[in-house]
Amino acid sequence: MLRDRRFRQPSFIELFTPKLVTILREGYGLVDLRADAVAGLTVAIVALPLSMAFAIASGLSPDRGLYTAIIGGFLVSMLGGSRFQIGGPAGAFIVLVFAIVQRQGYDGLALATMMAGVILFAIGLLRWGTYIKYIPFPVTVGFTAGIAVIIFASQLKEIFGLSIANEPAALAPKLTALWEARGTLKPATIGVSALALAIILGLRRWRPSWPGMLIAVTACAAATAALHLDIETIGSRFGGVPSTLPAPAVPHFDLARLRALLPDALTIAVLGAMESLLSAVVADGMSGRRHRSNCELAAQGVANVVAPLFGGIPVTGTIARTATNVRSGAKGPVSGMLHALFLLGFMLVAAPLAAYIPLASLGAVLAVVSWNMAEKKEFVALFRASRGDALVLVSTFLLTIFEDLTVGIGVGVTLGAFLFLHRLAESVEVQTGEAFLDEDRADDYGGHRPAYDSAAASDAEVMVYKISGAIFFGASATVSAALDEIGRYPHVFIFDFSEAPLIDSTAARALESFVARLRKAGTVVCVAGARPAVRRALLSAGLHEPETLYAGTVADARRRATAPQPPENRAPRLSGAALPGRA
């Protein structure tokens, strides 16, 4: 439990005011519009090949992905609670969407997506978005890695040009079918895939600011047309891409169908909420701003209701495009709205050219996407952190691959909850037998204690922040929010963990992100009083010496942190800078 803090409770209107209104109130000028236009165009160039690739990998035509990015992306930015969120189709949905389309057809997917939109809107309106943050970090890493493996396996057919009449959806039968069809591979298709991979990886290394995926797809289309290669293209399989948006249409529904699609709708809603809030958190970390999760979920709900009316698929926040938006210098949600309009312009003008895009190049794009999706460092770190985290991670990963995404998340969350209870029980066993809730005591209880030192409490140079109690995945959001409110950067920041019996990997990573921002501002960070288990968790999260100092007590930490630091341990000092935590 953090030290007592009093905050004014925001009103309903304040909580659900879109960030678009916020930036307009701040004073939005021509300079801001120009920056947002450049960022929006940059994101649109990245989103163009990805939107088509995600739709094709989901068993649908490429135009479905474009409709989703245009309609959904515009609404998410216009109504959302994040300044920089970019909405659209996402790789995390490929497995789920493919399975629903195989069972229910596109109409079933559209109806399930609209139901998910209603659920998301209700979650936001009821302010239940906070509970989404209770998903343990090992679960997120596990199912993301599992989805990455499935996406990569789904693109092997396109990359090698294999001929498979009915490709199985499940991973094991799919790999068997791919192996049996190895005699049908086409060298020309492999060559185009290799060209696309070489361009993407080469530009990432030598020209990282260039739109590598779009350049790769364009170059492969040009090579295919110039050399008259006999390989599959968007035109040969789908007949091209329409150059207009379709008229809105409501899918057929009745009570029985709504009941049958409810499990799929719930899965879309939960996955969409997780992806969107994770993307918003990434944007917060990069920009120093704070999103409003319930407003964001409500906007995602509206987008998922409207996008299927125009032929779209599930909409969510997209991490890669959102990060590109921040890096491109966006000022606010206008960049996301412009990104959608730029995509609409591309479709209206250049749709006939999309017919020449070889599917092998899009397969290479998705292979790179799947590699980037798999959080490899985090996977290895969690696997080594503890047996409990490894169990949750591996269980979620394997169940996502071989069973079902919903089962993987459900089992992972359940195991994570039991793991926390086990850790909490272990921490209670080593206590001295005192009650969980301390009774009131006299000021002289336990003998003499030093007088209150107001200078130490208000020292602008050294800030001591005490965190008490178990710090686990359910409390990490609260800890992060409170830490973001501390005001200006001190010269020394000390975490007092003397009354924290345990910390899990999710909370440790949240603290690591906060410490990284402190270090970037030149603040010396020290951890005091951490028990061995807490220290191991912090070290596993990346809080190593000498970047983060460790000491037995606050007094020792103060002495060590204020001692002269070697030049290599110092970071540039941002004089007078405020901590990033504003809206």
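The following conversation concerns confidence and two buried residues in a predicted model.

User: What is the mean pLDDT of the chain?
Analyst: The mean is 82, and 85% of the residues reach 70 or more. As a reminder, this is a predicted model.

User: Which elements have the lowest and the highest mean pLDDT?
Analyst: Helix H21 (residues 454-457) has the lowest, at 48. The highest, 95, belongs to helix H4 (residues 62-79). Over residues 452-458 the pLDDT is below 50, and this stretch has two contacts in the model beyond near neighbours in sequence.

User: And how many contacts does the model have for residues 573-583?
Analyst: For that stretch the model has 36 contacts beyond four places in sequence, although pLDDT stays under 50 there.

User: Changing topic, where does glycine 412 lie?
Analyst: Glycine 412 lies in helix H20, which covers residues 405-429.

User: Is glycine 412 buried or exposed, and why?
Analyst: Glycine 412 counts as buried because its relative accessible area is 0%, and the cut-off for buried is under 20%.

User: What does glycine 412 touch?
Analyst: Leaving out residues up to four places away in sequence, glycine 412 touches Val139, Val392 and Thr396. Its C-alpha atom is separated by 10.0 Å from that of aspartate 389, 23 residues apart along the chain.

User: Which helix holds asparagine 294?
Analyst: Asparagine 294 is in helix H14 (residues 293-306). With a relative accessible area of 13%, asparagine 294 is buried as well.

User: Which residues is asparagine 294 in contact with?
Analyst: Not counting neighbours within four places in sequence, asparagine 294 contacts Phe16, Ile123, Gly124, Arg127, Trp128, Gly129 and Thr130.

Key
Residues numbered from 1 in each chain as written. Predicted model: local features only at pLDDT ≥ 70, side-chain atom pairs only at ≥ 80, totals over all residues. Heavy atoms only, no water. Helix = DSSP H or I, 4+ residues; strand = E, 2+ residues; numbered from the N terminus. Buried < 20%, exposed > 50% of the residue type's maximum accessible area, 1.4 Å probe, protein only. Contact = heavy atoms within 4.5 Å. pLDDT = per-residue confidence, 0-100.
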